[in-house]
Amino acid sequence: MAGADHARWMGAALALASRGQGRTSPNPSVGCVIVHDGKVVGRGWTQPGGRPHAEAMALEQAGAKAAGATVYVTLEPCAHRSVRGPACADLLVASKPARVVVALGDPDPRTNGKGLARLADAGIETVTGVRAGEARATMAGFLRRMAHGRPQVTLKLATSLDGCIAMADGASRWITGDAARAHVHLERSRHDMILVGRGTWDVDRPRLDVRLAGLEARAPVRVVMSTRAVDDDGVVRITSPEEITTLSGDHLFVEGGAGAAAAFLAADLVDRLVLYRAPILIGGGRPALRDIGLGSLDAAHGRWTCTDTRQLGSDRLEVYERVRCLPGS
């Protein structure tokens, strides 16, 4: 099968993997497509809570048609058995596909090459590295946790053209329009946790839920960064950005306010920046950031790269990635 076909079908597997983002911790969100004679006979993605795995779901759907087929999966099939389910490498061996095409190796030491070796030992052809960069992006939270013991952190800022997040008196509803606010809720749905600072919590008492039709159940765990107790049993409290290592989840969405945003930037714990810019000028308003500990202007350059821009109604979305290697790259 040609490399172009591999890339095409892996693209379908990557799209499936995105469905589970923010819902599969402690497992990564993986996608799987099984193709026989040019037709999809099985597809799957990691289910909420991490099980069933993508391969198990796709193989169950394919049934006997998996024999002689090509399996596309965004992460190396797991090689370790668990009380929650069998090893996907064993399921694949039993199903006897002709080949398994993998985007990215699994850094989990329980698998890390063992899954591919088990397939090869069974006479199944393996192809690796297909659209690996995109697979790293979809599994950034899992890879970050494996390498650094913390979640992938996205910081959201909604500002005026002159960099303000509110009027001088704190009024901030609404800087951006309906389309941008809907996109924020989509971002929330892709994260395990959402964090605000104590000031935002006390002043706004934000709901921090997902208010998009059909996605309401994807509301992330609410986290407040504060040195004082929080009077809500449903909220997790941390006292500093460094304490995100104690949180259960692979994707953290930091949404407010200026103090929390500055603290995470100063600690160099922001991996992705989502900036919504409204075509308004406030003048004399509250700035988006406080001091982030920048020593010189030279130190500000070369730290961020733009990965996406788009128009959302009258507002402009810009997405930036921190310039550092993702784990596994």
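Colleague: Across the interface of domain 1 and domain 2, how many residue pairs does the rule find in polar contact?

Modeller: The rule finds 2 such pairs, both at pLDDT 80 or more. On the side of domain 1 that touches domain 2, the residues split into 3 nonpolar, 5 polar and 3 charged. Here nonpolar covers Ala, Val, Leu, Ile, Met, Phe, Trp, Tyr, Cys and Pro, charged covers Asp, Glu, Lys and Arg, and polar covers the others, Gly among them. As for the rule, a polar contact is a pair of N or O atoms within 3.5 Å; within protein, one must be able to donate a hydrogen and the other to accept it, and residues adjacent in sequence count only if both atoms are side-chain atoms.

Colleague: What should I know about the model itself before I read on?

Modeller: It's a predicted model, so local features need pLDDT of at least 70 and side-chain atom pairs count only at pLDDT 80 or more, while totals for chains, interfaces and linings use all residues. Residues are numbered from 1 along each chain as its sequence is written, and side-chain values use heavy atoms, with hydrogens and water left out.

Colleague: Okay, where do the two domains sit in the chain?

Modeller: Domain 1 is 1-144 and domain 2 is 150-322, with bounds from an automatic or database domain assignment. Taken over C-alpha atoms, their centres are 33 Å apart. The contact (heavy atoms within 4.5 Å) takes 11 residues from domain 1 and 12 residues from domain 2.

Colleague: And how do people put a size on an interface?

Modeller: The size is often given as the accessible area lost when the parts come together. In this model the two domains bury about 1000 Å² between them, 40% of it on carbon and sulfur atoms. That area is what the two parts lose on being put together, with a 1.4 Å probe, summed over both.

Colleague: How many salt bridges are counted between domain 1 and domain 2?

Modeller: The count is 1. The term needs a side-chain nitrogen of Lys or Arg within 4 Å of a carboxyl oxygen of Asp or Glu. D271 and R144 form a salt bridge, their closest N and O atoms being 3.7 Å apart. Both also belong to a network of salt bridges that links R144, R150, D268, D271, R303, R322 and R324. Searching the whole structure turns up 22 salt bridges.

Colleague: Pick one from that network. What does the pair D268 and R303 tie together?

Modeller: Their side chains meet in a salt bridge at 3.7 Å, N to O. D268 is in the loop between α9 and β12 (272-277) and R303 in the loop between β13 (286-287) and β14 (304-312), so the pair ties together parts that are 35 residues apart in sequence. The labels are DSSP runs numbered from the N terminus: helices are H or I with at least four residues, strands are E with at least two. D268 counts as partly exposed at 29% relative accessibility, and R303 is partly exposed at 27%. On that scale, buried means under 20% relative accessible area, exposed over 50%, and partly exposed in between (1.4 Å probe, protein chains only).

Colleague: And which residues of helix α9 are buried?

Modeller: First the general idea: an α-helix has 3.6 residues a turn, so residues three or four places apart point the same way. In α9 (residues 258-266) the buried ones are A258, A260, A261, A262, F264 and L265. After α9 comes D268, with a positive phi near 55°.

Colleague: Where else should I look for a positive phi?

Modeller: Try D37 and L208. D37 isn't glycine, yet its phi is near 55°; this residue lies in the loop between β1 and β2 and counts as exposed at 71% relative accessibility. L208 also has a positive phi of about 55° without being a glycine. You'll find L208 in the loop between α8 (198-204) and β9 (221-225), where L208 counts as buried at 2% relative accessibility.

Colleague: Which residue pairs are joined by a cis peptide bond?

Modeller: S25 and P26 are joined by one, with omega about 15°. R51 and P52 are joined by another, with omega about -5°. P26 is in the loop between α1 (3-18) and β1 (31-36), and P52 in the loop between β2 (39-45) and α2 (54-62).

Colleague: Last one: what does the side chain of R99 make a polar contact with?

Modeller: With the side chain of T70, at 2.8 Å. R99 is in strand β4 (residues 99-104) and counts as buried at 18% relative accessibility.
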